[in-house]
Amino acid sequence: MDESVIKAMERWPNVPDVYGWLALDRRGQWLLKGGTIGNVGLREFIGRNYLRTETGAFAFQNGPQRVFVALEYTPWVAQLDGHDELRLHNGDLLGPLDGAWMDEEGALLLRCAAGLALLDDRDLERLTDDLWQGDQRLDEDGQAEVIEALLSGEDPDVVLVWKGQHVALRSIRAREVAERFAFIADPQPDAA
């Protein structure tokens with residue numbers, strides 16, 4: 001968190017929270033009242049001061065004021081950068097994976113130290129190129145079969161291999177994600 005934010009919190013400890021203004025979409029874009037935030041400096045400031053609250057909601061600490069974030073899906077979005085590295089929407093490296101799931105719509109979810117991240121759909125093909133069954137890398141037909149099984153809720157014996165890590169890929173239902181990973185997707189004053 002920025003030093004200026006910490007000092008403002010100390011100076012003004014009782015500023016009311018804000019709900020319904022800020023959101024995070026499925027591609028890692030910050031939305032203010034539904035419109036994309038275009039200012040790079042503001043996006044970076046929000047990203048540096050984005051946090052998980054004690055209740056499992058996510059918020060942007062804007063000086064002394066906490067602005068709760070409505071999540072279109074997950075609290076983090078992962079994207080490939082120009083160097084074939086996975087980064088979170090705030091610019092941090094994703095880091096080691098400790099879980100991977102595909103939901104019934106084909107969205108790939110990755111768990112890392114920060115929490116659960118949705119892979120940007122534009123990067124899905126690159127990661128599904130690294131699916132293995134046993135000691136065989138899956139070709140396009142094999143990938144299609146595995147993805148079809150995952151979409152129907154099955155758990156085929158398949159592993160995502162990424163940067164030397166081997167992570168079992170499992171199925172999950174989108175409606176179960178927030179509860180299973182203990183976060184609040186749409187914080188409200190009485191629950192956040």
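Let's start with a hollow: the largest pocket here has a volume of about 160 Å³. Keep in mind that this is a predicted model.

What lines the largest pocket? Its walls are made by Gly28, Gln29 and Trp30, then Val40, Arg43, Glu44 and Gly47, and finally His89, Asn90 and Gly91. Sorted by class, that lining comes to two nonpolar, six polar and two charged residues. Helix H2, which covers residues 40-48, supplies the largest share of the lining, with four residues.

H2 deserves a look of its own. Its buried residues are Phe45, Ile46 and Gly47, and Gly47 is also one of the residues lining the largest pocket. At the N-terminal end of H2, Asn39 acts as a cap. A side-chain oxygen of Asn39 sits 3.0 Å from the backbone nitrogen of Gly41.

Now for another lining residue, His89. You'll find His89 in the loop between strand E8 (86-88) and strand E9 (99-102). Is His89 buried or exposed? His89 counts as buried because its relative accessibility is 12%, and the cut-off for buried is under 20%. Leaving aside residues up to four places away in sequence, His89 touches Leu24, Gly28, Trp30, Tyr50, Pro75, Trp76, Val77 and Gln79. Of those, Gly28 and Trp30 also turn up in the pocket lining.

For a contrast, try Gly164, in the loop between strand E14 (159-162) and strand E15 (165-171). Gly164 is exposed, since its relative accessible area is 61% and exposed means over 50%. The C-alpha atom of Gly164 is 18 Å from that of Leu108, and the two residues are 56 residues apart along the chain.

Here are the two loop residues side by side:

| Residue | Loop between | Relative accessible area |
|---|---|---|
| His89 | E8 (86-88) and E9 (99-102) | 12% |
| Gly164 | E14 (159-162) and E15 (165-171) | 61% |

Stepping back to the whole protein, there are five helices and 15 strands. Buried residues account for 45% of the 192 residues. Taking the contacts with a separation of 6 or more, 56% are between residues 24 or more positions apart.

What about overall size? Along the principal axes, the C-alpha atoms fill a box of roughly 60 × 35 × 25 Å. The radius of gyration is 18 Å, which agrees with the value near 16 Å that a compact globule of 192 residues would have.

Notes. Residues are numbered from 1 along each chain as its sequence is written. This is a predicted model: local features need pLDDT of at least 70, side-chain atom pairs count only at pLDDT 80 or more; totals for chains, interfaces and linings use all residues. Side-chain values use heavy atoms; hydrogens and water are left out. On a 1 Å grid over the protein atoms alone, a cavity is a set of points where a 1.4 Å probe fits but cannot get out, and a pocket is an open set with protein on both sides within 12 Å along at least five of seven lines; lining residues have an atom within 4 Å of a point. Grid points are joined across faces, edges and corners, and a volume is the space filled by probe spheres set on the points. Helices (H or I, at least four residues) and strands (E, at least two) are DSSP runs, numbered from the N terminus. Ala, Val, Leu, Ile, Met, Phe, Trp, Tyr, Cys and Pro count as nonpolar, Asp, Glu, Lys and Arg as charged, and the others, Gly among them, as polar. Buried means under 20% relative accessible area, exposed over 50%, partly exposed in between (1.4 Å probe, protein chains only). A polar contact is a pair of N or O atoms within 3.5 Å; within protein, one must be able to donate a hydrogen and the other to accept it, and residues adjacent in sequence count only if both atoms are side-chain atoms. The radius of gyration is taken over C-alpha atoms; the globule rule is 2.2 Å times the number of residues to the power 0.38. Contact means heavy atoms within 4.5 Å.
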